[in-house]
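Colleague: I have a few questions about charges, core and strands. Can we go through them one by one?

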Amino acid sequence: QARVVESGGGVVQAGGSLRLSCVASGFTFGGRDMAWFRQAPGKTREFVAQISWVDVITSYSDSVKGRFTISRDNGQRTVYLQMNSLKPEDTAVYYCAARNGDTYQYWGQGTQVIVSS
């Protein structure tokens with residue numbers, strides 16, 4: 001059964017850091033681009049970051065570029081999101097997913113990030 005499990009969320013003060021983890025199973029992780037999305041209260045789900053299976057192609061939304069870093073460890077079947085200089089507007093549930101052509105699949109349950117002012 002293909003699945004991803006996110007973890008690492010929590011409550012942090014503005015300016016702080018968190019590292020999210022996404023452990024994948026049930027599919028060929030090393031051959032799939034992986035991405036992070038987030039959904040803030042009262043807002044639609046938005047793209048955050050993506051990393052290719054070759055580990056050299058990354059993409060970030062303008063709102064997080066320069067503060068967040070996506071990485072992956074294919075041996076551990078894990079994708080990470082290092083979040084620095086967190087802002088209250090980063091508060092959201094963060095989701096991990098695997099890219100499949102022009103869409104995404106194998107969504108996780110999400111992990112909550114709350115950034116206080």
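Colleague: Are Asp 90 and Arg 67 buried or exposed?
Modeller: This is a predicted model. Buried here means under 20% relative accessible area. Asp 90 meets that, and Arg 67 does too. For Asp 90 and Arg 67, the answer is buried.

Colleague: How far apart are the N and O atoms where the side chains of Asp 90 and Arg 67 meet?
Modeller: A salt bridge needs a nitrogen within 4 Å of a carboxyl oxygen. The side chains of Asp 90 and Arg 67 meet in one. Their N to O distance is 2.7 Å.

Colleague: How many residues apart in sequence are the parts that Asp 90 and Arg 67 tie together?
Modeller: Asp 90 sits in the loop between strand 8 and strand 9. Arg 67 sits in the loop between strand 6 (58-60) and strand 7 (68-73). The pair therefore links parts separated in sequence by 23 residues.

Colleague: Which residues do salt bridges with shared partners join into one network?
Modeller: Asp 90 bridges to Arg 67. Asp 90 also meets Arg 38 in a salt bridge, at 2.9 Å from N to O. Arg 38 in turn bridges to Glu 46, with the closest N and O atoms 2.7 Å apart. The network is Arg 38, Glu 46, Arg 67 and Asp 90.

Colleague: Is Glu 46 buried, partly exposed or exposed?
Modeller: Its partner Arg 38 has a relative accessible area of 5%, so Arg 38 is buried. Glu 46 has a relative accessible area of 26%. Buried would require under 20%, and exposed over 50%. Glu 46 is therefore partly exposed.

Colleague: Which side chain of opposite charge is nearest to Glu 6?
Modeller: Glu 6 lies in strand 1 (residues 3-7). Glu 6 is buried, yet has no salt bridge. The salt-bridge cut-off is 4 Å. At 8.2 Å, the nearest side chain of opposite charge is Arg 3.

Colleague: Which residue's backbone nitrogen does the side chain of Glu 6 reach?
Modeller: Beyond four places in sequence, Glu 6 has contacts that include Trp 36, Tyr 94, Gly 108 and Gln 109. One backbone nitrogen is reached by the Glu 6 side chain at 3.4 Å. That nitrogen belongs to Gly 108.

Colleague: Which residues of the largest nonpolar core touch the most other members?
Modeller: This core has 29 residues. Several strands each supply at least two of them, including strand 3 (18-25), strand 4 and strand 5 (46-51). The residues that touch the most other members are Met 34, Trp 36, Val 79, Leu 81, Met 83 and Tyr 94.

Colleague: Which residue stands opposite Val 79?
Modeller: Strand 3 and strand 8 run antiparallel and are joined by six bridges. Val 79 touches residues that include Leu 20, Ser 21 and Cys 22. Val 79 is in strand 8, and the residue opposite is Cys 22.

Colleague: Which residue of strand 3 stands opposite Val 4?
Modeller: Strand 1 and strand 3 also pair, in the antiparallel sense. Five bridges hold that pairing. Opposite Val 4 stands Ala 24.

Colleague: Which residues is Ala 40 in contact with, leaving aside neighbours within four places in sequence?
Modeller: Ala 40 lies in the loop between strand 4 and strand 5. Its relative accessible area is 16%, so Ala 40 is buried. The contacts of Ala 40 beyond those neighbours are Thr 91 and Ala 92.

Notes:
Residues are numbered from 1 along each chain as its sequence is written. This is a predicted model: local features need pLDDT of at least 70, side-chain atom pairs count only at pLDDT 80 or more; totals for chains, interfaces and linings use all residues. Side-chain values use heavy atoms; hydrogens and water are left out. Helices (H or I, at least four residues) and strands (E, at least two) are DSSP runs, numbered from the N terminus. Buried means under 20% relative accessible area, exposed over 50%, partly exposed in between (1.4 Å probe, protein chains only). Lys and Arg count as positive and Asp and Glu as negative; His and the chain ends are not counted. A polar contact is a pair of N or O atoms within 3.5 Å; within protein, one must be able to donate a hydrogen and the other to accept it, and residues adjacent in sequence count only if both atoms are side-chain atoms. Contact means heavy atoms within 4.5 Å. A nonpolar core is a set of buried Ala, Val, Leu, Ile, Met, Phe, Trp, Tyr and Cys residues joined through side-chain atoms within 4.5 Å. Two strands pair if DSSP finds at least two bridges between them.
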